[in-house]
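Colleague: Could you walk me through how the labels on this one were assigned? I would like to see the reasoning behind each of them.

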Amino acid sequence: AIRAKRGKFTVVEPKSAMDLHRLARQAAGLQKRSHIIANATTRRGPVTALVVCGGDGTFNLVARAALESELPIGILPLGRSNDIARSVMGSTDSTEAIKHILSGKTKQIDSAVASDQLFFGSVGIGLIPNLANLLIDRKSPSFGIGWSKLGSQGAAEVTPVDSIIKVDAFRFEVPPLLFNVNLLPYSMGLPISPASIPDDGVGEIIFDHGDQIGSFGQYLRLIYKQKYIYGDGIRLYRGTTIT
């Protein structure tokens, strides 16, 4: 498709996550280029965009280099969750993604920093990454009761860690089973519902402040049925500032 539009490209296949980040920085001209990338840029001209072939983790590593070098970045969604592609394009279909990439149209998205690490999409501790791990080699549940069991299992395997959370000038200490910051409408790619109300530019933080493991089963089951209302057990804060 790129060749059909008389474009030029170089395919880079890293061997590890660290290698991916390093090669992305080289391609973006942020550090000394390897022999392969240097030869490609000599023959094909300067790099004008980066394209991620992977999921949210791959995007996060490459997008750091894209942001620093002010290059646009495209996504060919080949990962497990593909939340960022789903949020930005409304689809994870490869054909649609190629059309988006070749259109040259761009959309700005938010980035944030957690523990000195730049991230895009979302960041979470506790239940959300646990669920992602539980779903690696299994089929997603088809009914609410299946998600309820999965939620309880995921919560039971979480070890709460005392955490200090600071938003602007506000600080509180909590050992959460669930803590998630969403910068885009989708998080973790659960085929149930968006992580939030459709993107309206308002920030949100979701966290649990107790240790009632069973509440997470109900939480996921009701989200699956699109009937969940955030209550005392699992809290949702929305706004441009949190006070």
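Modeller: Happily! Let's begin with a cut-off: a residue is called buried when its relative accessible area is under 20%, and exposed when that area is over 50%. Please keep in mind that this is a predicted model. By that cut-off, 38% of the 243 residues of the protein count as buried.

Colleague: What makes helix H6 mostly covered?

Modeller: Helix H6 spans residues 127-134, and six of its eight residues are buried. They are Leu127, Ile128, Asn130, Leu131, Ala132 and Leu134.

Colleague: What covers the buried residues of H6?

Modeller: The cover includes two strands, S5 (122-126) and S8 (178-182), as well as helices H7 (144-156) and H8 (214-224). For context, the protein has eight helices and 10 strands.

Colleague: Staying with H7, why does Ser148 count as buried?

Modeller: Ser148 sits in helix H7. Its relative accessibility is 14%, and buried means under 20%, so Ser148 counts as buried. Leaving aside neighbours within four places in sequence, Ser148 is in contact with Gly217, Gln218 and Arg221.

Colleague: Now the opposite case: why is Val11 called exposed?

Modeller: Val11 lies in the segment before helix H1 (17-27). Its relative accessibility is 61%; the cut-off for exposed is over 50%, and therefore Val11 counts as exposed. Together with Ile2 and Phe9, Val11 makes a nonpolar surface patch of about 240 Å².

Colleague: And why is Lys8 exposed?

Modeller: Lys8 also lies in the segment before H1. With a relative accessible area of 60%, against a cut-off of over 50%, Lys8 is therefore exposed. Lys8 gathers with Arg3, Arg43 and Arg44 in a patch of positive charge on the surface.

Colleague: On to the salt bridges. How do you know that Asp19 and Arg22 form one?

Modeller: The N to O distance between their side chains is 2.2 Å, and a salt bridge needs the side-chain nitrogen within 4 Å of a carboxyl oxygen, so the pair qualifies. Both residues lie in helix H1, three residues apart, about one turn of the helix. Asp19 counts as buried because its relative accessibility is 13%, whereas Arg22 is partly exposed at 36%.

Colleague: What makes Glu68 and Arg25 a salt bridge?

Modeller: Their side chains meet at 2.8 Å, N to O, and the limit is within 4 Å, so this pair qualifies too. The pair links distant parts of the chain, with Glu68 in helix H3 (residues 56-69) and Arg25 in helix H1, 43 residues apart. Arg25 has a relative accessibility of 19%; the cut-off is under 20%, so Arg25 counts as buried.

Colleague: Then why is Arg86 called partly exposed?

Modeller: Arg86 has a relative accessibility of 22%. Buried means under 20% and exposed over 50%, with partly exposed in between, so Arg86 counts as partly exposed. Its salt-bridge partner is Asp83, the closest N and O atoms being 3.4 Å apart. Asp83 has a relative accessible area of 5%, so Asp83 is buried. The two are separated by about one helical turn because they are three residues apart in helix H4 (residues 83-89).

Colleague: How many salt bridges does the structure hold?

Modeller: Five, among them the Asp19 and Arg22 pair.

Technical notes: Residues are numbered from 1 along each chain as its sequence is written. This is a predicted model: local features need pLDDT of at least 70, side-chain atom pairs count only at pLDDT 80 or more; totals for chains, interfaces and linings use all residues. Side-chain values use heavy atoms; hydrogens and water are left out. Buried means under 20% relative accessible area, exposed over 50%, partly exposed in between (1.4 Å probe, protein chains only). Helices (H or I, at least four residues) and strands (E, at least two) are DSSP runs, numbered from the N terminus. Contact means heavy atoms within 4.5 Å. Patches are made of residues with over 30% relative accessible area and no salt bridge: like charges are joined within 9 Å, nonpolar side chains (Val, Leu, Ile, Met, Phe, Trp, Tyr) within 5 Å. Accessible areas come from the Shrake-Rupley method with a 1.4 Å probe; for residues, only the protein chains shown count as cover. Lys and Arg count as positive and Asp and Glu as negative; His and the chain ends are not counted. The place of a charge is taken as NZ of Lys, CZ of Arg, CG of Asp or CD of Glu.
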